[in-house]
Amino acid sequence: MWAFPAIVVGAALRAVLMSYLPLAYWGSDSRSYFSFTEILLTEGELSLYDKRRYLYPIFLLPVTLLPGSPLAWLAWIQHALGLATLVPLAYLLRKTLVGWRVFIVPLTVLYAGMPILIWYEHELLAETIFFDAVVWMFAGWVAFASQMRVDRARVMWWWFFAAFAVVILTKPAGRFFWAWGRRSCWRQAPDRRRSSASSASRWPAGRGGSTPTPRRAKIPLRSAKNGSSRGPAKALTPSPIS
């Protein structure tokens with residue numbers, strides 16, 4: 001598993017941070033995200049802050065219902081999501097880089113130890129969910145685009161679409177990817193692959209491989225006298241004019 005070294009390094013760094021700060025940091029923007037859960041549990045009303053997207057405030061509700069401090073659970077959950085994101089990141093690097101064996105371990109370790117990402121995971125902010133979803137979205141798209149089987153491509157497309165929906169519903173910056181999501185990616189690869197597979201099945205395989213070679217058609221030669229196909233046509237010679 002190419003992401004294993006990065007997971008080990010990232011888990012060690014996050015364990016050190018959790019030993020000093022067991023609770024997630026409550027910043028200046030945290031109340032705007034937590035207001036939905038606070039109003040719902042205290043007053044029984046549904047109220048979403050108009051300047052925030054919907055997904056992260058709703059995500060905080062089940063976290064708050066867990067036994068214990070919500071900030072302690074939030075730190076564990078967001079750090080776990082950050083470590084899990086290293087797996088699709090390694091897949092993305094493996095599928096897109098030339099000479100990926102040289103770069104995949106250093107790049108994943110660098111991403112796992114990036115201080116700003118570790119701190120976002122330790123704070124009550126939607127940025128960590130947004131960044132993780134972007135990585136899952138790109139990995140899902142690469143997995144979808146590289147599949148030649150139609151059924152497998154559909155599964156990978158749902159992987160991409162789920163991460164794409166999280167990106168759109170977490171931060172307003174997700175609108176940058178909106179034009180990408182409007183493409184007809186559902187029909188693009190499956191239809192193209194189905195048509196190419198059906199056209200390739202019409203031809204037999206060539207020598208030593210699967211390259212299709214057209215079969216030479218046999219056209220019977222008809223005689224000029226009665227149009228039968230018993231033998232080659234006889235040459236007609238003009239009769240002399242008497």
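Is F161 buried, partly exposed or exposed? In this predicted model, F161 has a relative accessibility of 34%, so it counts as partly exposed; the buried class ends at 20% and the exposed class begins over 50%.

**Aromatic rings around helix α9**

Let's look at the company F161 keeps. One aromatic cluster brings together W141, F144, W157, W158, F160, F161 and F164. Across the whole structure, a search finds 16 aromatic pairs. Among them is F160 with F164, whose ring planes meet at 25° with the centres 5.9 Å apart, so this pair is stacked. Both residues sit in helix α9 (residues 150–170), four residues apart, or about one turn of the helix. F161 and F164 also pair: their planes are at 40° and their centres 6.3 Å apart, so they are tilted. These two are three residues apart in helix α9, again about one helical turn.

Here is how the three phenylalanines compare in exposure:

| Residue | Relative accessibility | Class |
|---|---|---|
| F160 | 1% | buried |
| F161 | 34% | partly exposed |
| F164 | 5% | buried |

**A nonpolar patch on the surface**

Now for another part of the model. V102, F103, L107, L110, M114 and I116 make a nonpolar surface patch of about 540 Å². Helix α6 (residues 100–112) supplies the largest share of this patch, with four residues. I116, in turn, belongs to helix α7 (residues 115–121). Its relative accessibility is 42%, so I116 counts as partly exposed. That value fits the patch, because patch residues need over 30% relative accessible area.

How values were computed: Residues numbered from 1 in each chain as written. Predicted model: local features only at pLDDT ≥ 70, side-chain atom pairs only at ≥ 80, totals over all residues. Heavy atoms only, no water. Patch = residues over 30% accessible without salt bridge, like charges linked within 9 Å, V, L, I, M, F, W, Y side chains within 5 Å. Areas by Shrake-Rupley, 256 points an atom, 1.4 Å probe, with all protein chains shown as cover. Salt bridge = Lys/Arg side-chain N within 4 Å of Asp/Glu carboxyl O. Buried < 20%, exposed > 50% of the residue type's maximum accessible area, 1.4 Å probe, protein only. Phe/Tyr/Trp six-rings, centres within 6.5 Å; stacked < 30°, edge-to-face > 60°.
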